[in-house]
Amino acid sequence: MIGHGYDSHRFAPGRRLVLGGVEIAHDEGLLGHSDADVLTHAIMDALLGAAGLGDIGHHFPDTDERWRDADSVALLREVVAMLARAGLEPVNVDATVVLERPKVGPHRDAIRARLAEALGLPAARVNVKATTAEGMGPIGRGEGAEAHAVALLRER
Ligand code: MG
């Protein structure tokens, strides 16, 4: 089973920047009800999509105080547990984060390790790519970040 996920969040001052469960030093962060970890959110939606289990907005609604400032990697673990209850497990994940600044490359290995641990996969099965929007559109103007992901699942 294959699934696709997409997410975007706006940059705002006074927020932490968390990508793939790794906090990155920057002069602003992403705005959201949870920690606004756009990369982890896209991966969660890819996993839920592959399993036919809807989306994160359904399972972790932003109207629910339980998820305020939530650690998205903890939510990812919950998604992996949902998959297991459905008799499924991840095979691999591939994701792309799009943002102008800061550079993600220096944090890539830490992000892969954190996500792989939560997914129950070796880091080699969790690919994280980063690119910019080359100055085009709202992402290119640095107004926010977006992420795309695909995930493959198999029966346990
Ligand atoms: Mg999100």
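Contact here means heavy atoms within 4.5 Å. Keep that cut-off handy for the exercises below.

A word on the set-up: this is a predicted model, where local features need pLDDT of at least 70, side-chain atom pairs count only at pLDDT 80 or more, and totals for chains, interfaces and linings use all residues. Residues are numbered from 1 along each chain as its sequence is written, and side-chain values use heavy atoms, with hydrogens and water left out.

**Exercise 1. Place Gly135 and find what it touches.**

Step 1: start with the address. Gly135 sits in the loop between strand 6 (126-131) and helix 5 (137-140); helices (H or I, at least four residues) and strands (E, at least two) are DSSP runs, numbered from the N terminus.

Step 2: list the partners. Not counting residues up to four places away in sequence, Gly135 touches Glu100, Gly140 and Arg141.

Step 3: check the accessibility. Gly135 comes out at 44%, so it counts as partly exposed; the scale calls a residue buried under 20% relative accessible area, exposed over 50%, and partly exposed in between (1.4 Å probe, protein chains only).

Step 4: take a distance. From the C-alpha atom of Gly135 to that of Val104, 31 residues apart along the chain, there are 17 Å.

**Exercise 2. Find the protein donors of the magnesium ion and say where two of them, His9 and His41, lie in the chain.**

Step 1: collect the atoms. Donors are N, O and S atoms within 2.8 Å of the metal (3.2 Å for Na, K and Ca), and since water is not among the atoms, sites may look incomplete. The search returns Asp7 (OD), His9 (NE2) and His41 (ND1), lying 2.1 to 2.2 Å from the ion.

Step 2: map the pair. His9 belongs to strand 1 (residues 2-12) and His41 to helix 1, 32 residues apart, so the pair links distant parts of the chain.

Step 3: write the spacing. Along the chain, the donors follow D-x1-H-x31-H.

Step 4: are the two histidines buried or exposed? His9 has a relative accessible area of 16%, so it is buried. His41 is buried too, because its value is 7%.

**Exercise 3. Work out the surroundings of Ser34 and the pocket that it lines.**

Step 1: locate the residue. Ser34 is in the loop between strand 4 (29-30) and helix 1 (38-51). Its relative accessible area is 8%, so Ser34 is buried.

Step 2: look for polar partners. The side chains of Ser34 and His41 share a polar contact of 3.3 Å, meaning a pair of N or O atoms within 3.5 Å; within protein, one must be able to donate a hydrogen and the other to accept it, and residues adjacent in sequence count only if both atoms are side-chain atoms.

Step 3: widen the search. Setting aside neighbours within four places in sequence, Ser34 is in contact with Arg15, His41, Trp67, Asp69, Ala70 and Ser72.

Step 4: turn to the pocket. The largest pocket has a volume of about 260 Å³. Of the 16 residues that line this pocket, Ser34, His41, Ile56, Phe60 and Asp62 are the closest to its centre. Strand 1, helix 1 and helix 2 (56-59) each supply at least two lining residues.

Step 5: pin down the method. On a 1 Å grid over the protein atoms alone, a pocket is an open set of points where a 1.4 Å probe fits, with protein on both sides within 12 Å along at least five of seven lines, and lining residues have an atom within 4 Å of a point. Grid points are joined across faces, edges and corners, and the volume is the space filled by probe spheres set on the points.

**Exercise 4. Track down the backbone oddities at Pro102, Asp69 and Glu134.**

Step 1: recall the background. Most residues other than glycine have a negative phi, and most peptide bonds are trans.

Step 2: check omega. Arg101 and Pro102 are joined by a cis peptide bond, with omega about -10°. Pro102 lies in the loop between strand 5 and helix 4 (108-119).

Step 3: check phi. Asp69 has a positive phi near 55°, and this residue is in the loop between helix 2 and helix 3 (72-85). Glu134 also has a positive phi, about 55°, and is found in the loop between strand 6 and helix 5.

Step 4: add accessibility. Asp69 is at 51%, so it counts as exposed. Glu134 counts as exposed because its value is 65%.
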